[in-house]
Amino acid sequence: MTAALELNQIVGRHGQLQAIKGMTLRIDKGEVAAIIGANGAGKTTLMRMIAGLHPCAEGSIALFGSDVTAMPAHGRLKAGIALSPEGRRLFGDMTVQENLMIAAENGRRGDWNLASVCDAFSQITPLLARPAGGLSGGQRQAVAIARALIANPDVLLLDEVSLGLSPVAVDGVYQSLETLRGAMTMIVVEQDLTRAMKFASRVICMAEGVLELDGAPKNLTRAQITDAYFGIHKTADTAAGGAAHA
Amino acid sequence: MTKAQIVAHILPMPAQDRRILIAALALLAVLAVLPLMASALVVDKLTYLFILIMFAAMWNLLAGYAGLVSVGQQAFIGLGGYAMVRMVEAGLPPFPAIFLGALAAGVVAWIMSWFVLRMKAGEFAIATWVIAEAIRSMVSFDPLIQGETGTSITALNAYAPEMRRLTIYLLSLVTMTLMIWGAWALLHGRTGAQAQAIRDDEEAAESVGITTFAVKQRIYVLASIGCAVAGTLWLASAITFQPRTSFGVQWSVFMLFMVLVGGIGTFIGPILGALLFFALQEIFGDFGAWYMAGVGIVAILFALYLPNGIVGLWLNKGRAEPLSMRKLLSQDR
Amino acid sequence: MLEAIVQGVLLGGYYAVLAAGLSLMFGVVRFINLAHGDMAVLGAMIALWFVQGAGLHVAIAIALTLPLMGALGWLMQRMIFERALRGGFLIPILTTIGLGAALQNGMFGLFGSDTKSLGAYIGNLSWASWEIPGGIFIGQLPGYMFLTAILVLGAVHVLLTRTAFGRAVRATATDSEAAALCGVDARRVHRGAAAIAVALAGLAGIFLAMRAQVTPFAGPMLLIFAFEAVVIGGIGSLRGTLIGGIALGLAQSLGAMISPQFSLLAGHCVFLAVLAYRLMSGAAAGRGGWRATITALVFHKSMLRGKS
C-alpha cells in the first residue's frame, strides 16, 4: 500500500499548551479513518495541522512521500489535501454557487466540478443562488463537503461530520460519503462512536494530544475504546489495540 | 495565597534600578543649578528637551501602558494653549495660566473620553485626529486668534527676558520631574497594573473584574493634562499661538518617534527616545524636510525590525528591564 | 442653495474615490493606512511630473500614473505592510504614520513647497460649464470627474462581485482561514487589494490636482476626508462609500455657504455626529435602548460606567 499521509512525531502548540504531543500516524491511500476522542483531545488541532492552518512546531508531515510541513494551507489544497472545517466556515454573505466556485477556481482540476458535486449532493442544486448564511445545518454541511470535494483532493478531511445535525441529515451525509469510498482517502472526526465504527475502516482514538488506540473496528472491543476515549491507560490493552492494526 | 502573602513576596527594587534613581536625582540637582552658569541658548535648549521628555512620557502612558494609540494629542496641546491665551486675555497672569489652561484642556479630554474610548484601535487613532482638526477649525473662528495668523501672549513680554527664561526653565524642570514621578506612582499602583492587564488582554482583564472603561478614562485624562501642560510650557517659551502649529499632527509624529525608538511600554525608553530625538534634531535639524523624512523612515524601520526600541536591544541580551513596572515576585513559597 | 447642493454631490464623487481605497484596505486587509492621503498626493505629484517635467499630455500622464501607483501599492504591501500586520494593532499604526512623515517631507524635498495644479494643462475644462434648466451652472470638470468616479467605482464593484479575483477578495475579507482552505493565497489577495487601493488614491490625487492645488503636506487632510466618508457611509461597501462621499461633499458645500472656514468644520461635524450616533446606538442597545440610556444619563450616571 502507498502511504497517502505520514505524520512523523508532530507537535502542535496553543501558546504554552501542547495540544498535539508528538503524534506519529500513517494513513494509506484509499483508507477511511475515523478519529474519535473526548473534547479537548486535540482532534480539531490535528486536522488543522494536516490542512496547514495550524503550524507544526516539531516533526514533519508528508503527502504521498513529499514533505509538506512548511507548506501554507492554500498550497496544501493544490497539493491534494482538502479540509471541511469545524463550524463549516461557509462565506455567509456569498451565494452557495460562489462558495463552490472559489474552491473550484483555486483548487485542482479534475472530475469534480459544479455539475458533478451537484449530482453527488442533490440537495445543493436548488440552493445555488441562495446566500450561504441562510442555510439549515444539514444544507451547510453538504455545501461544506462539496466545497472541499470540488477542489479534487486526494485526501479529504472532514471535521465534526455530524455535529449539530439531525439524524436524518447525518444519514444523508454518510450516504453521500459512502459513494466516495475507495476513490478517495478520507479522515473524519466523528463524535458518534457507533457511526464511526460503522463507516470507517480504521478507528483512531485520541486523548490529550496523543494516540491512544488505533485499529480496525472489527478488532476493537467496546471496552478498549471506552478506556482509550477517556484516556485510561491500560498499557497492555493499548499495545494490543495498536498491534491490531499493525 | 492571600493578598498579604503576595505582597510579602514582591521583591524589593533591584540594585540596578536604585543606582539609576540615585543618578537621576543627582542629575536633577545639577540641572536645577545649571542656569547659574550656562548660556541662554543652553537653557532654552534644555527647556525644549524637558518638554519633549514630558510629551514622550505622557504618550507612552497612553499607548504603551493603556494601549490607546492616539494620533490626536495635539488637540490638548492646542486647546491648552488656546485656554492660556484666553485666560491671559481675561487678565490672569501668564504663569498660573500655564497650568490652568492645561486643566481646561483636561476637562475637554474628560468629555471626549466618553466618546472616543468606545472605539477600537485604528478608529480611535484617526478619530482623535479628526477631533483635533475639528477643534482647530473652531478655535480659528475666535476673532482673538485671527484665523491662521495667530496671536502673541504679549503679557509675557512684561517680564525681563532673563527672568522669563529662568522661570520657564525651572517650571519645566519641576513639572517634568513631577510628571515622571506621577507616572511612576500611577504605574506602580492599582491603575498601572490594571492598565497593563487591559493592554495585554482586554477581555481577560474584564473577566477578572477590572472596569476597563474607568481605567482607560483615568489614564486618558491624566495623559492629556500632562500633554497640555507640556504644550503650554512650550507656548510660554514660544510666545506666539498659531492654530496650525499648536494643533499640528507633527506633535503626534514626534511623540510616536520618541516612544517607539526608545521602547514603547517601558518606563525609561521614552526618556531615552526623547534624548535621541533631541540629539538628532540638533545634528540634522538644519536639513529641514529631509531630516523629517529621515525621522519617518527611522520610525518605519524601528516599527518593523525593532518594535521594542533601544530598551528592546538591551532586553534582547537577556538583561532585566531597567525600572520595570512589572512587579517581580520571589520564587520561594 | 440648489447650486451648492449640485456642487456638493459632484464633489462627493471625488471623495468617494479617495475613500474607496481606504475602505478596501480596511475591509480586506483589516488595516487603516494612515499614509493613504499621502499616497494620493504622491499620485498627483507623479502625474504633475509627467506633465510638467516630461512634457506629456495629461491623458497619457494619467494612463502612466495609475498603473505605477498600483505597482507601488503592491510593493508596499509586500515590503512593509505584510510585516507590520504581524505585529498586532500597534505596529501598523506606527508604521504608516512614519510612512506618511517620510512621504510628505520627501515630496517637499523633491518638489518644493509651491502649490501645484494640473488646471493649466486641461484647456478650458477647468472653467467651462453647462447650464441646466433653472439657471444652474454645472462645471464641466466636476461633472466629468463625477462621471469618472461613478464609472471607476462601478468597475471596482464588478471586479469584486463578478470575477474570480473578486470572489477571492471577498472570501478573504469574510474569513481568511476558510479562504485559505479554498486555495486562496491571502497574501496575493492582500497585495492585489493594496494595488487597487493605492491606484484609487492616485486617481483621487489627480482629481485634486485638476480641480485645485496640491502641496506635499496635503495628505493628512485627504486622509481625514477619506476616513470621514468611509465612516459616514459605513465600512465595507462601495455603495456606502459613494453615499458617504456625497454626504461629506454636501456638508462641506453647504457649510461653505455660511462661511469659507465653516466648510471643513461642517464636514467634521457630520462625521462626528454619525460616529456618535453609531457608538451611542450600539451602547444603547446594550442597555435596553435609547430611553433607558437617556434615563441612565440623566438620573444615574454610574450606570454608564463599565460595560459598553
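Which residue stands opposite Leu5(A) in β2(A)? Select Leu5(A) and look across the sheet: the partner is Ile27(A). Keep in mind along the way that this is a predicted model.

**Stop 1: the sheet of chain A**

Stay in chain A and colour its strands. Four of them make an open sheet, ordered β2-β1-β4-β5 and paired antiparallel. At the edges are β2 (17-28) and β5 (66-67) of chain A, each pairing on one side only. Now select β1 (residues 3-14) of chain A: nine bridges join this strand to β2(A), and the two run antiparallel. Then add helix α1 (residues 43-51) of chain A, which lies across β1, β2 and β4 (58-63) of that chain. The helix runs at about 65° to β2(A).

**Stop 2: two positive phi angles**

Back in strand β1 of chain A, pick Gln9(A). Its phi is positive, about 50°, although Gln9(A) is not a glycine. Most residues other than glycine have a negative phi. Is Gln9(A) buried or exposed? Gln9(A) is exposed, because just 12 other C-beta atoms lie within 10 Å and the cut-off for exposed is 12 or fewer.

Jump next to chain C and select Arg30(C), in the loop between α1 (2-29) and α2 (36-53) of that chain. Arg30(C) is another non-glycine residue with a positive phi, near 60°. With 15 C-beta neighbours inside 10 Å, Arg30(C) counts as partly exposed.

**Stop 3: a helix of chain B**

Select helix α2 (residues 15-33) of chain B. At 1.5 Å a residue, its 19 residues should span 27 Å, and the end C-alpha atoms are 28 Å apart, which agrees. This helix is hardly covered: among its 19 residues, the count of buried ones is zero.

**Stop 4: where chain B meets chain C**

Show chains B and C together. Here 36 residues of chain B are in contact with 38 residues of chain C. On the chain B side, α6 (121-140), α10 (212-238), α12 (250-262) and α14 (289-305) each supply at least two residues. Of these, α6(B) gives the most, with twelve residues. Colour that side of chain B by class and you will find 29 nonpolar, five polar and two charged residues.

**Stop 5: the nonpolar core**

Finish with the largest nonpolar core, which has 295 residues. Those with the most contacts inside this core are Leu157(A), Phe55(B), Ala56(B), Val17(C) and Leu18(C). Helix α8 (residues 186-211) of chain C contributes the largest share, 18 residues. Centre the view on Val17(C): leaving aside residues up to four places away in sequence, Val17(C) touches Ala149(C), Val152(C), Leu153(C), Leu200(C), Leu203(C), Ala204(C) and Phe207(C).

Key. Residues are numbered from 1 along each chain as its sequence is written. Chains are lettered from A and ligands numbered from 1 in the order in which they are written. This is a predicted model: local features need pLDDT of at least 70, side-chain atom pairs count only at pLDDT 80 or more; totals for chains, interfaces and linings use all residues. Two residues are in contact if their C-beta atoms, placed from the backbone, lie within 7 Å. Helices (H or I, at least four residues) and strands (E, at least two) are DSSP runs, numbered from the N terminus. Ala, Val, Leu, Ile, Met, Phe, Trp, Tyr, Cys and Pro count as nonpolar, Asp, Glu, Lys and Arg as charged, and the others, Gly among them, as polar. A nonpolar core is a set of buried Ala, Val, Leu, Ile, Met, Phe, Trp, Tyr and Cys residues joined through C-beta atoms within 7 Å. A residue is buried if 20 or more other C-beta atoms lie within 10 Å of its own, exposed if 12 or fewer, and partly exposed in between; C-beta atoms are placed from the backbone. Two strands pair if DSSP finds at least two bridges between them. Axes are lines fitted to C-alpha atoms, for helices over the stretch in contact, and angles run from 0 to 180 degrees between N-to-C directions. The expected span of a helix is 1.5 Å times one less than its number of residues.
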